[in-house]
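Here are a few exercises to work through with the model open on your screen. Try each one yourself before you read the solution.

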Amino acid sequence: MSATMPPSHESEAIAVAAERRWTIVVGVIIAVLVLMMIVTGLHWASMPPSRVETIDVKTVHVRGEFVESNLGTAIEADDRVVVRLVAQQYSFEPQCIVVPAETPVTFRATATDAIHGFIIGRTNANTMVVPGFVATFTTSFRRTGEQLMPCHEYCGTGHEAMWARVQVLPRDEFLARARPGERLRCVAR
Ligand SMILES: [Cu+2]
C-alpha cells in the first residue's frame, strides 16, 4: 500500500460521514415538503372558498336576475357587457348569444336541474354550470363570427343535442344595436 492512500478504516469513516450528511440533507428536504403539504392543506381548509355565489333553484325562473326577460346580453349602467343564461335539460336559454369582439364580456350562468357546462368554440370560455350556484367569468373574443357553444357535462339522454350559438359582432356593430336597459339576442344576419 502506498503512503498517500489512507488506511482502510479511515476511508470507511469518510464514507460513513458523507452518507450521514446526505441522510440529513434528504431528511430535511422530505420534512420541508411534508410541512408544506400540511401548512397549505390546513390553510386552504380554513379559508372560505372564494367567489362562490349561490342562488335558490326553486325561484330562478320566477324572480331575480335569471328571469326570462333578463336573459341575454346587457350593457350595464357601468358599461360592462354582461351575458346572463340558464342551462336546463336540454337547452340553453337564450339559444343564441350575441357579444361584441375585442371587449371584456362577463358571463353569468346558472342551471335549474342537473349539472351542465359549456365551452365556446375554440376560445377559453369554459365553465361548469351547477344548480344552486352562479358561474361567472369574464373573457373577450378576438375574432368575429359564429361559434358553437355545446354543453360539455353529461346531463342526461338529450345531452348531445344541447348546444347554443354565440355570434361575435364587430364592436361598433354591437354597440349600434345595443339599447340601454334592453337585452340583446341574435337576429338573422
Ligand atoms: Cu347539459
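**Exercise 1. Find the residue that stands opposite methionine 149, then work out the sheet around the pair.**

Step 1. Start with the pair itself: methionine 149 sits opposite alanine 164, which belongs to E10. A quick word on names: helices (H or I, at least four residues) and strands (E, at least two) are DSSP runs, numbered from the N terminus. Bear in mind that this is a predicted model: local features need pLDDT of at least 70, side-chain atom pairs count only at pLDDT 80 or more, and totals for chains, interfaces and linings use all residues. Residue numbers start from 1 along each chain, following the sequence as written.

Step 2. Now look at the strands. E9 and strand E10 (residues 163-169) run antiparallel and are joined by 6 bridges; two strands pair if DSSP finds at least two bridges between them. Glycine 145 has its bridge partner in E10 too, namely valine 168.

Step 3. Turn to E4, which runs parallel to E10 and is tied to it by 5 bridges. Cysteine 96, for instance, stands opposite arginine 165 in E10.

Step 4. Put the strands together and you get an open sheet of 3 strands, ordered E4-E10-E9, with mixed pairing. Strand E4 (96-100) and strand E9 (145-150) are at the edges with a single partner strand each, so one side of each has no neighbour in the sheet. From one strand to the next, the twist averages 25°, with axes being lines fitted to C-alpha atoms (for helices over the stretch in contact) and angles running from 0 to 180 degrees between N-to-C directions.

**Exercise 2. Is leucine 169 buried or exposed, and which residues is it in contact with?**

Step 1. Place the residue: leucine 169 is in strand E10.

Step 2. Count neighbours. Leucine 169 has 22 C-beta neighbours inside 10 Å, so it counts as buried. The cut-offs: 20 or more other C-beta atoms within 10 Å of a residue's own means buried, 12 or fewer means exposed, and in between is partly exposed, with C-beta atoms placed from the backbone.

Step 3. List the contacts (C-beta atoms, placed from the backbone, within 7 Å). Setting aside neighbours within four places in sequence, leucine 169 touches Val98, Pro100, Ala101, Thr144 and Phe174.

Step 4. Check one longer hop: glutamate 102 is 67 residues away along the chain from leucine 169, yet their C-alpha atoms are 9.5 Å apart. Glutamate 102 itself is in the loop between E4 and strand E5 (105-111). With 12 other C-beta atoms within 10 Å, glutamate 102 is exposed, and its phi near 55° is a positive value in a residue other than glycine.

**Exercise 3. Hunt for backbone oddities in the loops.**

Step 1. Check omega. Glutamine 89 and tyrosine 90 are joined by a cis peptide bond, with omega about -5°; tyrosine 90 lies in the loop between strand E2 (81-88) and strand E3 (91-93).

Step 2. Keep going to the bond from glutamate 93 to proline 94, which is also cis, omega being near 5°. Proline 94 is in the loop between E3 and E4.

Step 3. Check phi. Aspartate 79, in the loop between strand E1 (72-75) and E2, has a positive phi near 70° without being a glycine. Aspartate 79 counts as exposed because it has 8 C-beta neighbours inside 10 Å.

**Exercise 4. How spread out is the chain?**

Step 1. Tally the elements: the chain has 2 helices and 10 strands. The radius of gyration is 29 Å, well over the 16 Å the globule rule gives for 189 residues, so the chain is more spread out than a compact globule. That radius is taken over C-alpha atoms, and the rule is 2.2 Å times the number of residues to the power 0.38.

Step 2. Box it in: along the principal axes, the C-alpha atoms fill roughly 95 × 40 × 40 Å.

Step 3. Look at helix H1 (residues 8-46). Its 39 residues reach 57 Å from first C-alpha to last, close to the 57 Å expected at 1.5 Å a residue; the expected span is 1.5 Å times one less than the number of residues. H1 is hardly covered, with a buried count of 0.

Step 4. Finish with the domains, whose bounds come from an automatic or database domain assignment: domain 1 (1-47) and domain 2 (57-177) have C-alpha centres 55 Å apart.

Terms used
Two residues are in contact if their C-beta atoms, placed from the backbone, lie within 7 Å.
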